[in-house]
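Trainee: I am new to this structure and would like a close look at a single part of it. Could you pick one helix and walk me through how the rest of the chain is arranged around it?

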Amino acid sequence: MTIRADNLTVSYGRVTILHSLSFGPLEPGNVVGLIGPNAAGKSTLVKTIAGIKEPAEGSVTLSVDGAELVGKQKVQAVGYVPQDLLSSASLTAFESIMVSARRRGDATWNPLERSATVMERLGITHLAGRLVSDMSGGQRQLVAMAQMLVREPDIMLLDEPTSALDLRHQVELLQIIRDEVRGSNRLALVAIHDLNLAARYCDELLVLKAGHVVAHDTPHAVLQPDLLEEVYGIRARVLDDAGVPVVCPV
Ligand SMILES: Nc1ncnc2c1ncn2[C@@H]1O[C@H](COP(=O)(O)OP(=O)(O)OP(=O)(O)O)[C@@H](O)[C@H]1O
């Protein structure tokens, strides 16, 4: 699986949010962190790749072995977890994960077994019988992740998946994403504000500022004081923790 954007322009009404972006192809086996200030256009880009928002101009292409995915193939290939989770209907966690698991529509697929496995992996088995509408923000975020993971999509699009999670769940979740894609034909694009988590768990960072791509490289190459000042307008020192950059605002 790969993702490529060519001269991608996306607008809301007459306001252009993404300005003729080109990047990629983002290669399989990688977790790509999408970083940048508030309102840079990260969610807009993720929604456009997910097919929820139409480009005004240009294109996003999802391909497998050089062949572009279209229609139903594309829908099957993509798993998207939005930033704003709907506290949907009166379903329990297990029911909502099962609904998602059944959507895969594969004869060899055992939705019950898959749902139980994913819940265990995310440490939410104890929430199985609880109504999603009665859950905390973090619990709901984990259920939404389970709904995505249970389908085993080839392209995972995650919009701030750790925003409501405590430290332990943040690192566990990002490790799961990393394990899912590593050495596989799958790919994850993760919009994330925490630069130190991004540095630790992402193979590449794509940096957006005011609807433009300003950098796309390894965390080590991207997380440099001058770039951080250009993008976020603050000075920071960047330390080295056994090869992983650590950003410390000064
Ligand atoms: N439905 C909408 N209608 C009109 N404008 C919108 C809509 N959604 C987003 N925008 C605008 O698009 C711009 C980019 O928003 P977007 O949510 O893509 O940014 P972001 O980088 O994800 O921000 P954040 O880090 O704050 O979540 C913002 O100026 C926002 O006001």
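Mentor: Happily; what follows starts at one helix and then moves outward from there.

Please keep in mind that this is a predicted model. The helix I have chosen is α6, which covers residues 167–181. Let us begin with its length. The helix has 15 residues, and at 1.5 Å a residue they should span 21 Å; the C-alpha atoms at its ends are 22 Å apart, which agrees.

Now, which residues of α6 are buried? They are L173, L174, I177 and V181. If you look down the axis of α6, these buried residues fall within an arc of 95 degrees, so they line one face of the helix. Turn to the face that points away from this buried side, and you find the exposed residues R168, Q175 and D179.

What lies over the buried residues? The cover includes three strands, β3 (31–35), β7 (155–159) and β8 (187–191), together with the helices α5 (137–149) and α7 (195–201). Just beyond, α6 is followed by G183, which has a positive phi near 70 degrees.

From here we can step into the interior. The largest nonpolar core has 67 residues, and L34, A146, A188, L189 and V190 are the ones with the most contacts inside it. Helix α5 gives the largest share of this core, seven residues. As a general point, nonpolar side chains in soluble globular proteins tend to be buried together.

L34 is a good residue to follow outward. Setting aside neighbours within four places in sequence, L34 is in contact with K42, L45, V46, L189, V190, A191, L206 and L208. One of these partners, K42, also belongs to the surroundings of the ligand. Besides K42, the ligand has around it Y12, I17, G36, N38, A39, A40, G41, S43 and T44. By type, this shell divides into four nonpolar residues, five polar and one charged. Helix α1 (residues 42–50) gives the most to the shell, with three residues.

Another buried place worth a visit is L62 in strand β4 (residues 57–64). L62 counts as buried because 22 other C-beta atoms lie within 10 Å. Apart from neighbours within four places in sequence, the contacts of L62 are M1, I3, L69, K74, A77 and I155. Q83 comes 21 residues away from L62 along the chain, and the C-alpha atoms of the two are separated by 22 Å.

Finally, a few words on the backbone. Most residues other than glycine have a negative phi, and most peptide bonds are trans. Here are some places that depart from that pattern. N7, in strand β1 (residues 2–12), is not a glycine, yet its phi is positive, at about 45 degrees. N7 is exposed, with 12 other C-beta atoms within 10 Å. S20, in strand β2, has a positive phi too, near 50 degrees. S20 is partly exposed, with 16 other C-beta atoms within 10 Å. Strand β2 (residues 15–26) also holds P25, and the peptide bond from G24 to P25 is cis, with omega near 5 degrees.

To return to where we began: one face of α6 is lined by its buried residues, while R168, Q175 and D179 are exposed on the face turned away.

How values were computed
Residues numbered from 1 in each chain as written. Predicted model: local features only at pLDDT ≥ 70, side-chain atom pairs only at ≥ 80, totals over all residues. Near = placed C-beta within 6 Å. Helix = DSSP H or I, 4+ residues; strand = E, 2+ residues; numbered from the N terminus. Nonpolar A, V, L, I, M, F, W, Y, C, P; charged D, E, K, R; others polar. Expected span 1.5 Å × (residues − 1). Buried ≥ 20, exposed ≤ 12 C-beta atoms within 10 Å, placed from the backbone. Arc of directions from axis to C-beta. Contact = placed C-beta atoms within 7 Å. Core = buried A, V, L, I, M, F, W, Y, C linked by C-beta atoms within 7 Å.
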